[in-house]
Amino acid sequence: MKHRKFYLSLIFAAAIAFVSCGEKETTAPTETAEPGAPAAPPTPIDQATVATLTGKVSFEGAKPRLSRLMMDQDPVCVQKHSGPVLAEDGAVNDNGTLPNAFVYVKSGAEKYTFAVPSTPAELDQDGCVYRPHVLGVQVGQTLQIMTKDPTTHNIHPMPKNNREWNISQAPNAAPLEQKFSREEIMIPVKCNQHPWMKAYIGVTKNPFFAVTSSDGTFTIKGLPPGDYTIEAWTATFGTQEQKVTVGAKESKTMDFKFKSS
Ligand SMILES: [Cu+2]
């Protein structure tokens, strides 16, 4: 009987050790654009003819109740905030518009090849939340991930169309640099250490995207004259698309209206 108890407790201890290990880290060598494929030169675009698209993403109906992010398991995260922190998915701005809508050219720009921006897109971790909550990068563009927190994060994008990876980042560690090789709307990002941490990355082949902020507006500049399908993506209220034709030097507006489901 004594032996049995001993073995049972051994199994129990092993199980605990297994669980506390959590998800294993996968190493992620930086991806280049398309493996083996030479990068095509960018299509020349006459900047004197480009158009601008601006608009607003609004919301109609009852605002969802936002859940509180429970950070208690890591006191360091709690200490960085002066009060409760609410989830960002489903948030509605005071003026009835939506923040964190990803508005982008879904089709119409395929005939162009665009230069990959030399400046990296940035994803920060501050107070154990991702900043920004929603961001866009171009295929092949460097995404730089920083931390301001005195705790270890484990950044874990969960793509369907790109390669999945997760990497730990200790306090004061140098920024991580990663690239995505295929377009994907949207890649959810979690943290394996802090289950409430959430972000979304839109990976596009063109530079025509914007994220709405506290006023719900967006601006997409530099559009060559032509026909486009524009999509507005939201984490909570679905997606909508609209078609637009822009002429040379034209400034057009396009508004999206989402409703409570
Ligand atoms: Cu974290």
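User: Which buried residues of strand S6 lie on one side, and which on the other?
Analyst: In this predicted model, strand S6 spans residues 143-147. In a regular strand the side chains alternate between the two faces of the sheet. Both faces of S6 are covered, with Leu 143, Ile 145 and Thr 147 buried on one side, and on the other Gln 144 and Met 146.

User: How many residues of strand S6 are buried?
Analyst: A residue counts as buried when its relative accessible area is under 20%. Strand S6 is largely enclosed by the rest of the structure, because the number of its five residues that are buried is five.

User: Which strand runs parallel to S6, and which residue of that strand stands opposite Leu 143?
Analyst: The parallel partner of S6 is strand S3, residues 121-125, joined to S6 by five bridges. Within this pairing, the residue opposite Leu 143 is Ala 121.

User: Which strand pairs with S6 in the antiparallel sense, and which of its residues stands opposite Ile 145?
Analyst: Three bridges connect S6 in the antiparallel sense to strand S9, residues 176-178. Opposite Ile 145 in S9 stands Leu 176.

User: Which protein atoms are the donors of the copper ion?
Analyst: The donor residues follow the sequence spacing H-x37-C-x2-H-x2-M. Their donor atoms lie 2.0 to 2.6 Å from the copper ion. They are His 153 (ND1), Cys 191 (SG), His 194 (ND1) and Met 197 (SD).

User: What is the arrangement of the four donor atoms around the copper ion?
Analyst: Ideal angles at a metal are 109.5 degrees for four tetrahedral donors. Around the copper ion, the four donor atoms subtend angles of 95 to 135 degrees, which makes the arrangement irregular.

User: How many residues apart are His 153 and Met 197, and are they buried or exposed?
Analyst: His 153 belongs to strand S7 (residues 153-157), whereas Met 197 sits in the loop between strand S10 (184-191) and strand S11 (198-204). The pair links distant parts of the chain, at a separation of 44 residues. His 153 has 0% relative accessibility and therefore counts as buried; at 1%, Met 197 also counts as buried.

User: How far apart in space are Cys 77 and His 194, C-alpha to C-alpha?
Analyst: Cys 77 is part of helix H2, residues 75-79, and counts as buried because its relative accessibility is 0%. Leaving aside residues up to four places away in sequence, Cys 77 touches several residues, among them Cys 128, Trp 196 and His 194. Cys 77 and His 194 are 117 residues apart in sequence, and their C-alpha to C-alpha distance is 9.2 Å.

Conventions: Residues are numbered from 1 along each chain as its sequence is written. This is a predicted model: local features need pLDDT of at least 70, side-chain atom pairs count only at pLDDT 80 or more; totals for chains, interfaces and linings use all residues. Side-chain values use heavy atoms; hydrogens and water are left out. Donors are N, O and S atoms within 2.8 Å of the metal (3.2 Å for Na, K and Ca); water is not among the atoms, so sites may look incomplete. Four donors count as tetrahedral if all angles lie between 85 and 135 degrees; four count as square planar and six as octahedral if opposite donors are over 155 degrees apart and all others between 65 and 115; anything else is irregular. Helices (H or I, at least four residues) and strands (E, at least two) are DSSP runs, numbered from the N terminus. Buried means under 20% relative accessible area, exposed over 50%, partly exposed in between (1.4 Å probe, protein chains only). Contact means heavy atoms within 4.5 Å. Two strands pair if DSSP finds at least two bridges between them.
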